[in-house]
Each structure stands twice: as C-alpha cells, then as structure tokens.
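Let's take a friendly walk through a protein and the DNA that comes with it. Have a look at the structure first, and then we'll go through it piece by piece.

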2 protein chains.
Amino acid sequence: MTFSALPSATTPELLADQIRDAILIGTYKPGDRLIEQELSDSFGISRGPIREAIRLLAAEGLIELRKNRGAVVAAPNFDDVLEVYAIRMSLGSIAIAHACHAQKHGLLDTTVVNKKLSLLKKAVGGNAFAAVSADLEFQTALIELGALPRITETFQQTAVDISVFVRFLEIRYEAADHQDLVDRHVAVFDAILQGDVDKAVDLWTGHIRQSVREFMQPFSDLEIAELFERPLMQDVFEVENAR
Amino acid sequence: MTFSALPSATTPELLADQIRDAILIGTYKPGDRLIEQELSDSFGISRGPIREAIRLLAAEGLIELRKNRGAVVAAPNFDDVLEVYAIRMSLGSIAIAHACHAQKHGLLDTTVVNKKLSLLKKAVGGNAFAAVSADLEFQTALIELGALPRITETFQQTAVDISVFVRFLEIRYEAADHQDLVDRHVAVFDAILQGDVDKAVDLWTGHIRQSVREFMQPFSDLEIAELFERPLMQDVFEVENAR
DNA sequence: GGCTCCTAAATTGTTAACAATTTACAATTA
DNA sequence: TAATTGTAAATTGTTAACAATTTAGGAGCC
C-alpha cells in the first residue's frame with residue numbers, strides 16, 4: 001500500500017480517515033502491523049502526524065496499540081458483534097425517545113436525516129458495501145435527532161465497528177434484504193415524526209433484533225449454535241434459534 | 001502548577017494521570033488552557049509526550065481540543081450529567097444481567113469486587129471525595145463482572161465524567177448519605193450473587209434513579225425545575241419533581 | 001472613545017535526528 | 001535437532017529546532 005504520495009491535505013484526522021479506509025477496503029487485514037515509517041513515507045509526511053493518526057484509530061478501537069511494539073489491526077469476534085448491537089439498541093432507544101419528545105415540542109430539524117435517507121435510497125440498488133455505509137450514516141443521523149451528544153458519540157463509534165465486522169467477519173451482506181432494511185428505518189423515522197415514543201422505540205428495538213438475525217444468517221449451524229450460548233441473545237435481543 | 005520537576009516515571013499515560021489528577025483536584029478549572037510548553041517544563045520532558053497525554057485526556061472528554069488553538073478544560077453542564085447517568089443505567093443493566101447469567105453457570109470471579117467493596121467501606125467515613133472515588137471504582141468493578149469489554153470501557157469513561165461533575169458543578173457530595181449508597185451497592189451485588197437477573201437489574205436502575213435524585217438535592221428550586229424540563233427525567237429516570 | 005489594521009509574541013504543528021526498545025537471525029551449545 | 005545467547009537491523013519513543021498559526025496589544029483613523 002502506498003497511498004498517493006502526493007502531498008494532499010494531511011492533517012492527522014485526514015490521515016486517520018485514509019488509513020481507516022485502507023483497513024475497511026481490506027488493504028490491511030486483522031493482525032497486520034502498521035509501521036510508522038512506512039506510512040509516513042507513503043503519505044510524504046513526517047512520523048509525528050502519523051503517530052497521532054494511529055492513536056486516533058486506536059481510540060476508535062480499529063487498531064490495537066502495544067507499548068514499544070507498534071500498532072496492529074484489531075481482530076473482531078462474534079462476541080464483539082453482539083455487544084455492539086446491544087449498545088446500539090439500548091443507547092439508540094434513549095436517543096429516539098428523546099427525539100420524539102423534541103418532535104412533540106416542534107423543535108426537530110430533520111434536514112440531515114432526510115438527506116441521508118435519500119442517499120440511502122439511491123445506494124440500495126448498487127454496491128453492497130456502499131449500501132451498508134449509507135445505512136449506517138442514516139442510522140447515525142436518526143440517533144443525532146435525540147440531541148444527546150455523548151450517546152451520539154458512543155453510537156457513532158459502534159458504526160465503525162459494524163463496518164469492520166462486515167469487512168472482516170466476511171458477512172455476506174449482499175444477501176441482506178436492503179429494501180426491507182430501508183423500510184424498517186423509514187418506519188422508525190415516521191414514528192419519531194409522529195412523536196410516538198413507544199412505537200418508535202419498539203420499532204427500533206425490533207429493527208436491531210432483525211439485524212442481529214440477518215447478521216447470523218450466513219453462518220453455519222455450528223457457529224450459530226455457539227452464538228446462542230451468549231446470554232445477550234436471550235436477554236437483550238430476545239431471539240430464538242430458529243434452525 | 002509546577003508538578004514535581006523531578007523526572008519521575010513519565011510515559012504519556014502517567015503524564016495523563018497526573019494532569020487528570022490536577023484537573024480533578026481543581027488546579028485547572030473549566031475553561032483554563034493547557035499550554036504544552038508550560039506542562040513540558042513542569043514535568044521536565046519534551047512536548048511530544050505531553051501532546052500525546054493531552055490527546056488521551058481529550059479522548060476521555062476531560063478537555064477540549066481546538067485546532068491550532070490548544071486545549072482547554074471542558075466545562076460540564078447539567079444535560080451532560082443526566083446523559084451520563086442514562087448511559088450508566090442502560091449499559092449497566094446489560095452488564096449486570098450478563099453477570100447474573102455467568103453466576104448461574106458458576107463462572108463469576110468476585111475477587112476484584114470484594115476488594116473494591118472493602119476499600120469502599122473503609123472510605124465511607126473519611127474524606128468525601130475519596131468516598132466518591134471508591135464508590136465509582138466499586139461500581140466499575142461490578143460492571144466488569146459482566147465481562148463485556150466494550151460496555152465496560154464506555155461505563156468506565158462515564159466514571160471520569162462523574163468525578164468531574166462532583167468537582168466542578170460543586171455538588172455538595174458531603175451531603176450524600178454514603179452509608180445508604182453502600183447498602184444499595186451491596187444489594188445489587190447480592191442479587192448478582194443470587195443469579196437473580198430481574199432483581200439485580202431492578203435494584204441497579206433504582207440505584208441510579210436515587211443517585212440522580214441525590215445529585216439534584218443541593219440545587220435551587222429554579223435549577224431543579226429546569227432539570228425537570230428534560231425528557232430524560234421522565235423517560236429514563238422516572239423521577240417526579242418532589243418539591 | 002471605539003474601530004480597523006498591523007506587527008510581535010506566544011503557541012501549536014511539523015520535521016528530522018537521536019535514544020531506547022524490540023525483533024530477526026545467525027552462531028553456539030547441549 | 002532444539003534451545004539459547006549475542007548481535008545487527010528494524011522499529012518505536014523522545015528531543016529540539018523550525019514553520020505556521022493564533023493571540024495580544026498598540027498605532028492610526030473615524
């Protein structure tokens with residue numbers, strides 16, 4: 001991987017974006033080392049900003065930092081997936097309830113969500129990975145409606161996790177019914193616009209549960225059986241092993 | 001603030017610990033700037049590691065980073081408090097439920113919690129700030145029983161927030177009934193040891209709600225009335241304005 | 001007096017050299 | 001052969017100088 005050695009805009013944040021993309025594209029795989037000198041040569045920049053970018057990605061959980069031993073791309077596992085969905089479900093519920101109240105008081109700004117929704121609709125037919133990205137961005141915009149910055153931030157972090165899962169757990173995301181996904185999102189959005197807290201939260205939790213089910217679909221019976229050992233499956237997602 | 005200019009162990013993490021302590025002790029107040037040169041002189045170290053420490057603290061949310069304009073100590077507000085309690089309540093519930101299941105399968109290691117509990121019991125009589133610290137550490141240990149690393153990490157972050165609130169929102173934490181606090185904790189712990197999911201989660205959510213009530217106590221009626229405008233109060237904490 | 005513009009100081013951002021640590025690998029030994 | 005030790009290379013950690021940006025304060029102007 002050499003990136004473009006052209007000196008494009010290179011703040012640590014932008015460097016982190018490019019390295020993150022490289023990881024999500026699959027250029028770097030879990031366990032791969034990120035070597036500072038290598039990266040700084042590629043970007044045509046000194047090691048300082050690269051170090052900072054690496055630490056930003058470590059804070060996201062995308063890579064792991066080992067003292068004096070550099071950074072390696074983190075390897076997600078199934079437990080991580082379930083935990084991330086659990087976080088999205090519970091924090092998302094709070095944010096969505098909050099958004100409903102805001103709507104009832106007539107102070108909900110839906111321009112961002114609407115924009116992300118139209119982007120999502122366009123993305124559904126095309127490239128599956130792009131569809132997942134658009135999906136995650138729409139969901140984040142939905143949660144942002146709650147105007148709860150700390151919850152939004154935590155939620156946003158889990159979006160990166162999901163991207164990583166889709167990439168590295170080799171989910172067959174092409175198999176997912178993206179149209180149904182969009183419908184479920186729109187349903188939550190509509191409920192928020194109606195200011196109906198109970199309905200919106202129910203639809204949201206149901207949506208996450210369905211996502212978990214779809215997530216598991218491509219796996220073997222053995223792997224799924226193992227997943228069902230996890231208490232999260234009953235306690236949080238309330239899904240049964242259908243096979 | 002000069003810290004000890006002696007070259008004590010100075011990895012970025014330890015530097016962050018010392019700066020965090022300085023903030024929590026009140027040496028730096030919300031809005032104060034952290035100047036890299038100043039800090040590096042104090043610690044007798046170059047600016048590199050200081051920069052990294054500052055960015056670690058920024059990731060914790062303790063300070064705010066403004067591009068090209070340095071770092072300032074973050075100023076918490078009441079909305080932050082409510083949000084943080086909401087996060088602790090919902091993620092904590094998941095972790096505690098998980099811990100109950102582990103207990104039922106006989107694979108719960110309670111040595112850390114027990115240690116933190118005895119430290120907490122000792123701390124209750126003495127310095128109020130130390131008692132709050134011990135309290136937070138015990139709660140973190142309790143959540144760690146769930147063995148859900150991402151949830152634990154997010155929870156741990158909120159512990160720093162609470163410390164900041166107690167310091168900078170000038171909570172009269174001396175007024176809190178620390179013995180009652182310990183009793184509520186022990187009750188949750190006992191329920192986990194019994195493997196009783198419903199009871200443990202109920203006690204936990206009840207405990208957080210009570211904490212929110214106690215947190216508000218020192219404030220004026222006007223401030224409290226304002227707090228009750230927040231949807232979180234009804235939706236998440238289910239507390240009524242008693243005054 | 002208050003406003004804008006300008007310059008100097010203070011501060012953050014970046015770089016390249018140096019120091020400390022880890023890794024890789026060959027030579028040595030049992 | 002397998003394990004161990006020693007050494008060189010690779011890599012991360014730190015430093016100090018330099019560049020770019022922001023801040024502070026005063027001169028000139030209305």
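Before we sort any residues, here's the naming we need: Ala, Val, Leu, Ile, Met, Phe, Trp, Tyr, Cys and Pro count as nonpolar, Asp, Glu, Lys and Arg as charged, and the others, Gly among them, as polar. With that in hand, the residues of the surface near DNA strand D split into 5 nonpolar, 5 polar and 7 charged. Keep in mind that what you're looking at is a predicted model.

**Around the DNA**

So who sits next to the DNA? DNA strand D is surrounded by 17 residues, and the closest are A:Arg47, A:Arg51, A:Asn68, B:Ser46 and B:Arg69. Now look from the DNA's side: of the atoms of DNA strand D within 4 Å of the protein, 71% are part of sugar or phosphate, while the rest belong to bases. Here are some polar contacts with DNA strand D:

| Protein residue and atom | Partner in DNA strand D | Distance |
|---|---|---|
| A:Arg33, polar side-chain atom | sugar or linking oxygen | 3.2 Å |
| A:Asn68, polar backbone atom | phosphate oxygen | 3.2 Å |
| B:Arg69, polar side-chain atom | phosphate oxygen | 2.3 Å |

Which elements give two or more residues to the surface near DNA strand D? From chain A they are strand E1 (33-34) and helix H3 (47-60), and from chain B there is helix H3 (47-60).

**Two copies, one rotation**

Chain A can be superposed on chain B by a rotation of 180 degrees with 0.0 Å of shift along its axis, and the RMSD is 0.1 Å. That's the relation of a two-fold axis. In chain A, the C-alpha nearest the axis belongs to A:Ser90, 3.2 Å from it. Both copies use the same surface, too: 100% of the contact residues of chain A recur in chain B.

**A little sheet in chain B**

Chain B has an open sheet of 3 strands in the order E1-E3-E2, with antiparallel pairing. Strand E1 (33-34) and strand E2 (63-65) of chain B are the edge strands, since each pairs on one side only. Between E1(B) and strand E3 (residues 71-73) of chain B there are 2 bridges, and the two run antiparallel. You can find B:Leu34 opposite B:Ala71 in E3(B).

**Domains of chain A**

Finally, the domain assignment splits chain A into domain 1 (12-73) and domain 2 (78-237). Taken over C-alpha atoms, the centres of these two domains of chain A are 27 Å apart. Where they touch, domain 1 of chain A provides 10 residues and domain 2 of chain A provides 7 residues.

Definitions and conventions:
Residues are numbered from 1 along each chain as its sequence is written. Chains are lettered from A and ligands numbered from 1 in the order in which they are written. This is a predicted model: local features need pLDDT of at least 70, side-chain atom pairs count only at pLDDT 80 or more; totals for chains, interfaces and linings use all residues. Side-chain values use heavy atoms; hydrogens and water are left out. A residue is near a molecule or strand if one of its heavy atoms lies within 4 Å of it. A polar contact is a pair of N or O atoms within 3.5 Å; within protein, one must be able to donate a hydrogen and the other to accept it, and residues adjacent in sequence count only if both atoms are side-chain atoms. Helices (H or I, at least four residues) and strands (E, at least two) are DSSP runs, numbered from the N terminus. Copies are superposed by least squares on the C-alpha atoms of residues with pLDDT of at least 70 in both. Contact means heavy atoms within 4.5 Å. Two strands pair if DSSP finds at least two bridges between them. Domain bounds come from an automatic or database domain assignment.
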